[in-house]
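User: I would like to learn how to read a structure like this one step by step. Could we take each feature as a general idea and then turn to the case at hand?

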Amino acid sequence: MARVLGTSIKRREDPALITGRGKYTDDLKAERMAHAAIVRSPYAHARIRDIDTSAAEALPGVLAVLTARDVAAAGIPGVVPVGWLLPDLKTPAHPMIAADTVRHVGDAVAVVVAEDRYLARDAADRVAVDYEPLDAVADVVAALEDGAPAVHEEAPGNVAFDWEIGEREPVDAAFASAAHTVELDLRNNRLIPHAIEPRAVLASFDSSTGEMTIHMTSQNPHVHRLLMTLASLGMPEHKVRIVAPEVGGGFGSKIHHYADEAIVGLCSMKLDRPVKWTATRTETNLTDAHGRDHSTHCALALDADGRITGLRVDTAAAMGAYLSTFAPAVPTYLYGTLLSGQYDIPAIHCHVTGVFTHTAPVDAYRGAGRPEATYVVERLLHLAGEATGLGPVEVRRRNFVSPDAFPYQTQVALAYDSGNYGPAMDRALEMVGYDDLRSQQAARRDNGGKQIGIGFSSYIEACGLAPSAVVGSLGAQAGQWESADVRVHPTASVTVYTGSSSHGQGHETTFSQIVADRLGIDPEAVEVIHGDTDLVQFGMGTYGSRSAAVGGSAIVKSVEKIIEKGKKIAAHLLEASAEDLEYEDGSFRVAGSPDRALALGDVALQAYLAHNYPDDLEPGLSATSFYDPANFTYPFGTHVCVVEVDTETGSIDLLRYAAVDDVGNVINPMIVDGQLHGGLAQGIGQALWENAVYDDSGQLVSGSLMDYAVPKIHNLIPFELDRTTTPCPHNPLGVKGVGEAGAIASPAAVVNAVVDALAPFGISHIDMPLTPEKVWRAVNS
Amino acid sequence: MYPAQFDYRRAGSVDEALSLLQENEDAKLMAGGHSLIPMMKLRLAQPPVVIDIGRLNELKGISEAGGSVRVGSLTTHADIAASDVLAAHCPVLAEAAGHIGDAQVRNRGTIGGNIAHADPGSDIPPVLVLLGASVHLQSPSGTRSVAAGDFFQDLLMTDVGEDEILTHVEAPALGAGTGAAYLKFEHPASGYAVVGAAAAVTVQGGRCTGAGLVVGGVSATPTAVDVSSLVGTDLSDDAIAAAASGLDAEDPIGDIFASGDYRVHVGKVYGKRALAAARDRAS
Ligand SMILES: Cc1cc2nc3c(=O)[nH]c(=O)nc-3n(C[C@H](O)[C@H](O)[C@H](O)COP(=O)(O)OP(=O)(O)OC[C@H]3O[C@@H](n4cnc5c(N)ncnc54)[C@H](O)[C@@H]3O)c2cc1C
């Protein structure tokens with residue numbers, strides 16, 4: 001049997017997707033299906049005086065117009081809950097449909113259901129809402145100022161939470177005795193996720209059974225079912241089935257439970273008909289949870305040898321108008337805990353203020369907290385390289401956690417299980433030809449004209465949030481394990497039911513590789529089922545780069561149980577003792593007697609026939625497992641970006657991008673590379689182009705793709721990728737996760753490169769995105 | 001993005017299109033649909049009737065005669081970019097068309113639709129103004145032509161009358177000794193030009209005998225720069241930079257990506273670079 005783990009077999013998902021046969025939520029049709037259009041606030045903050053639905057209702061073909069009054073009349077909980085609680089977190093209610101106040105442009109105020117989607121849209125335009133506009137605040141810093149308009153009465157000063165990690169005194173002491181200090185005020189720009197497929201839902205309630213099936217764009221159908229039934233629709237959990245058909249990307253935006261999906265569910269219940277809604281791109285931009293949006297002051301203290309002695313971080317993190325599903329966790333436990341980076345930092349203190357603003361909510365978006373942390377640490381390391389004269393490479397090397405220090409306890413709660421940071425840096429330097437680049441740079445500096453810059457980012461990442469008991473103690477209202485049910489059929493083909501929920505990652509391919517490898521069978525003999533709460537046991541879904549490390553491990557656990565049981569069956573058939581049996585290459589063998597063997601199929605068949613079978617064994621050959629990891633996994637790597645800056649216009653060209661990542665063992669190198677490419681595109685996009693901009697009145701000025709720049713293929717360059725391999729010591733596959741690494745590492749690499757190019761101009765920082773105008777102004781100021 | 005309700009009519013000839021325009025108030029002609037349909041989907045345009053002229057072959061094609069090139073209004077950007085006739089007689093127009101959008105946009109979008117829509121970030125308008133092209137229009141009462149410099153009136157506003165169809169544009173072929181270039185500073189989101197600089201110079205015996213520079217993107221309509229100071233010079237870099245720095249826009253347009261001031265600055269830099277490229281091509 002050829003090895004299947006670690007090989008780039010082609011994605012089995014792709015033939016359907018690239019020939020247009022993939023079925024996404026919006027492709028689905030149901031008998032008597034009606035269409036919803038949601039009426040949204042054009043104001044960032046306003047009181048609703050009155051809503052007149054009569055003109056909309058009068059249009060032939062309009063079936064219903066619902067407002068907050070109908071939610072109340074339905075006697076359902078009617079809210080959108082937050083799923084992560086911090087101490088003293090303010091949790092003002094987020095009603096499914098705004099009742100008396102709207103708090104961001106795009107807040108839902110009514111819904112129209114009609115026979116077709118055009119009619120629904122026409123009717124939505126006829127819903128007359130009488131608003132009393134109120135002052136709004138969209139900026140995270142402005143929202144904290146005295147007298148800023150209040151987003152919620154329950155949250156004085158717009159503070160949602162006040163959180164800290166690490167100890168302040170040792171940090172103060174480190175700064176007091178530092179030989180070098182560097183500091184920075186930075187903004188981490190707000191991003192809009194931009195999955196290619198907008199959010200969509202098809203809710204089908206059937207009053208004759210009391211059952212509801214909801215097809216929707218979900219990264220975690222069971223979590224959606226829980227939140228939808230418990231907090232929004234008040235239905236019994238077992239009466240609701242949530243199915244995620246093909247999902248066209250999510251990047252976090254499809255983890256969260258939104259008002260819109262619940263509203264459509266309510267419409268279906270009211271009308272006893274299937275109702276579909278697909279967000280327009282404009283609605284997507286206004287209502288998908290955004291990412292990032294931090295304002296941070298940070299500083300690093302170093303001793304005379306350039307060793308880091310302290311790190312201080314103070315961040316204001318926008319929450320938006322309401323607390324989205326995991327929002328409070330993102331700028332706290334997924335951010336403050338990552339601030340040690342790859343470095344041995346003896347004292348760290350981080351303070352974060354969560355801030356309500358009159359904008360779309362902010363929640364997890366590819367990387368979720370870790371890109372923000374990496375950006376802080378790696379920008380500071382760049383400055384430290386300059387301040388100490390050590391340069392970017394040596395200052396990092398000098399501070400790396402040494403390979404023999406693992407497990408390494410950081411000052412911010414995390415304990416790194418493994419790591420070896422030097423080799424990734426070495427390899428990256430070799431790939432770009434570092435010394436040669438520096439001489440080219442020097443020559444350019446002498447000659448003037450376009451300048452070259454080299455930027456580094458040595459990042460750490462924490463995937464597969466775990467274990468459940470710990471995340472529970474930190475405020476999560478959910479477990480962080482994963483489930484797998486592996487069923488070997490009588491003919492020895494296998495179906496895997498996984499609680500992970502692929503939305504583009506390729507789980508069907510990689511999970512079949514895992515099973516094929518462990519069972520010594522062809523990957524084609526393994527089917528992978530996910531994304532359906534009626535088919536699959538409770539699962540936590542796909543996000544946080546957790547699927548291989550947590551979902552994959554659950555699968556391994558089930559396969560191991562199957563092999564154990566198979567050994568008992570085979571021992572019975574071979575009249576041997578189960579302890580003497582080995583499983584190899586798809587056969588159970590008696591150790592030392594190679595001719596006494598049974599193929600998996602023989603054993604599987606007997607497991608279902610149970611004709612000649614051990615007395616003490618149940619028939620069947622399947623196993624369900626719930627795997628709760630012992631720790632996070634800690635991928636790391638060093639990225640090097642080389643840019644050319646046209647100082648006359650400020651425009652930036654990418655020349656090289658080398659990434660050396662250590663994601664542990666690799667299941668499918670092609671898929672790992674693909675994940676990196678996508679993450680890099682998004683991270684470089686954040687550094688150079690992407691920016692969600694609200695004006696002072698809370699209007700989203702970058703609300704369309706004419707103004708919000710998502711990177712296009714011709715904006716990017718071929719990425720140069722390589723890997724080191726330090727397997728995760730605490731999961732059976734030794735895998736760590738790769739979904740977010742690119743987006744975590746790259747913003748700092750790009751910005752460091754541009755700042756490096758502009759060093760002769762005395763420039764030490766420019767906030768992202770580094771638009772040509774900003775660069776040009778920096779050069780000319 | 002769902003447009004308001006509209007009726008669709010397909011014209012079989014220019015005359016039929018003209019009479020459909022007369023019969024249907026506020027109707028809109030549709031060529032490639034790549035500007036009209038986005039406007040309709042955002043409900044910024046809500047024409048009751050759309051008249052599809054996309055299949056009128058009489059309005060397609062590129063030819064050269066008597067020292068001028070003629071491009072039918074329904075000729076796609078892709079055909080313009082790949083045209084041998086233009087490569088030989090007016091390569092700068094092909095160069096600009098090649099910068100438009102992506103392959104899909106170039107395959108559908110037409111030169112007539114592009115200039116009738118008159119987006120300030122369009123690539124074609126500054127080139128037509130630079131060339132001194134004429135725009136030809138037909139109405140039930142006859143035909144007329146207007147100089148490109150007069151055709152673009154304001155943001156999304158042109159000289160096309162409500163009862164008129166744009167039939168073709170005509171531009172003088174570039175003679176021997178003339179080089180021209182179009183340089184684009186692309187908007188990272190829309191792909192349109194933040195600044196598009198179209199330049200031409202004629203060189204005879206090592207001396208410049210004619211020069212032109214028109215910059216798109218900085219104002220509502222293409223901005224011509226007076227570069228007559230170059231005539232008689234040897235087109236040194238310094239002379240070119242000085243000439244291009246004459247770009248002046250009274251009320252430059254701006255957005256969250258590039259302010260008006262910055263656009264003017266980039267217009268000067270790209271004007272300079274376009275003139276230098278034109279000079280290098282002239283020899
Ligand atoms: C994604 C995208 C990217 C783009 N990028 C660029 C770019 O980089 N640079 C650029 O220059 N353009 C760009 N465009 C615009 C593109 O060039 C359009 O094709 C063009 O602006 C309109 O041409 P059309 O044939 O599609 O016209 P339509 O959309 O059909 O019509 C546009 C307008 O012109 C009118 N009209 C059309 N034909 C005639 C006629 N013969 N007589 C009278 N009126 C007429 C219509 O009534 C309508 O008002 C882009 C478009 C898209 C969708």
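Analyst: Let us begin with chain B and its secondary structure, keeping in mind that the model is predicted. Chain B holds 11 helices and 14 strands. Its radius of gyration is 19 Å, close to the 19 Å that the globule rule gives for 283 residues, so chain B is as compact as a globular protein of that length.

User: What does the C-alpha trace of chain B span along its principal axes, and what percentage of its residues count as buried?

Analyst: The C-alpha trace of chain B spans about 60 × 45 × 30 Å along those axes, and 51% of the 283 residues count as buried. Sequence separation adds another view: among contacts in chain B with a separation of 6 or more, 62% are between residues 24 or more positions apart.

User: Which domains does the assignment give for chain B?

Analyst: The assignment gives domain 1 (7–52), domain 2 (60–172) and domain 3 (178–282) of chain B. The centres of domain 1 and domain 3 of chain B, taken over C-alpha atoms, are separated by 35 Å.

User: How should I read the surroundings of the ligand, and which residues come nearest?

Analyst: One can start from individual residues and then move to elements and domains. Of the 30 residues around the ligand, the nearest are B:Gly32, B:His34, B:Gly101, B:Gly109 and B:Gly113. The elements of chain B that give two or more residues to this shell are β2 (28–30), α2 (36–41), α6 (103–108), α7 (111–117) and β10 (165–172), and the largest share, five residues, comes from α7(B). At the level of domains, the shell draws at least three residues from each of domain 1 (7–52) and domain 2 (60–172) of chain B.

User: How do the residues of that shell divide by class?

Analyst: The shell around the ligand divides into 13 nonpolar, 14 polar and three charged residues; glycine counts as polar in this scheme.

User: How is an interface described, and how many residues of chain B and chain A are in contact?

Analyst: The size of an interface is often given as the accessible area lost when the parts come together. Here the description rests on residue contacts: 15 residues of chain B are in contact with 21 residues of chain A. The side of chain B that touches chain A has 11 nonpolar, three polar and one charged residues.

User: Where do the domains of chain A lie in its sequence?

Analyst: Chain A is divided into domain 1 (14–134 + 197–248 + 254–287), domain 2 (294–465 + 631–779) and domain 3 (481–627). The centres of domain 2 and domain 3 of chain A, taken over C-alpha atoms, are 40 Å apart, and 19 residues of domain 2 are in contact with 16 residues of domain 3. On the domain 2 side of this contact there are 11 nonpolar, six polar and two charged residues.

User: Which residues have the most contacts inside the largest nonpolar core?

Analyst: They are A:Val112 and A:Val754, in a core of 343 residues, to which helix α15 (residues 547–574) of chain A gives the most, with 13 residues. Leaving aside neighbours within four places in sequence, A:Val754 is in contact with several residues, including A:Val643, A:Ile652 and A:Val775.

User: Is helix α19 of chain A mostly covered or uncovered?

Analyst: Helix α19 (residues 772–779) of chain A is mostly covered, with six of its eight residues buried; A:Trp776 and A:Val775 are among them. The buried residues of α19(A) pack against β26 (636–646), β27 (651–662) and α18 (741–757) of chain A, together with α11 (260–282) of chain B.

Definitions and conventions
Residues are numbered from 1 along each chain as its sequence is written. Chains are lettered from A and ligands numbered from 1 in the order in which they are written. This is a predicted model: local features need pLDDT of at least 70, side-chain atom pairs count only at pLDDT 80 or more; totals for chains, interfaces and linings use all residues. Domain bounds come from an automatic or database domain assignment. Two residues are in contact if their C-beta atoms, placed from the backbone, lie within 7 Å. A residue is near a molecule or strand if its C-beta atom, placed from the backbone, lies within 6 Å of it. Helices (H or I, at least four residues) and strands (E, at least two) are DSSP runs, numbered from the N terminus. The radius of gyration is taken over C-alpha atoms; the globule rule is 2.2 Å times the number of residues to the power 0.38. A residue is buried if 20 or more other C-beta atoms lie within 10 Å of its own, exposed if 12 or fewer, and partly exposed in between; C-beta atoms are placed from the backbone. A nonpolar core is a set of buried Ala, Val, Leu, Ile, Met, Phe, Trp, Tyr and Cys residues joined through C-beta atoms within 7 Å.
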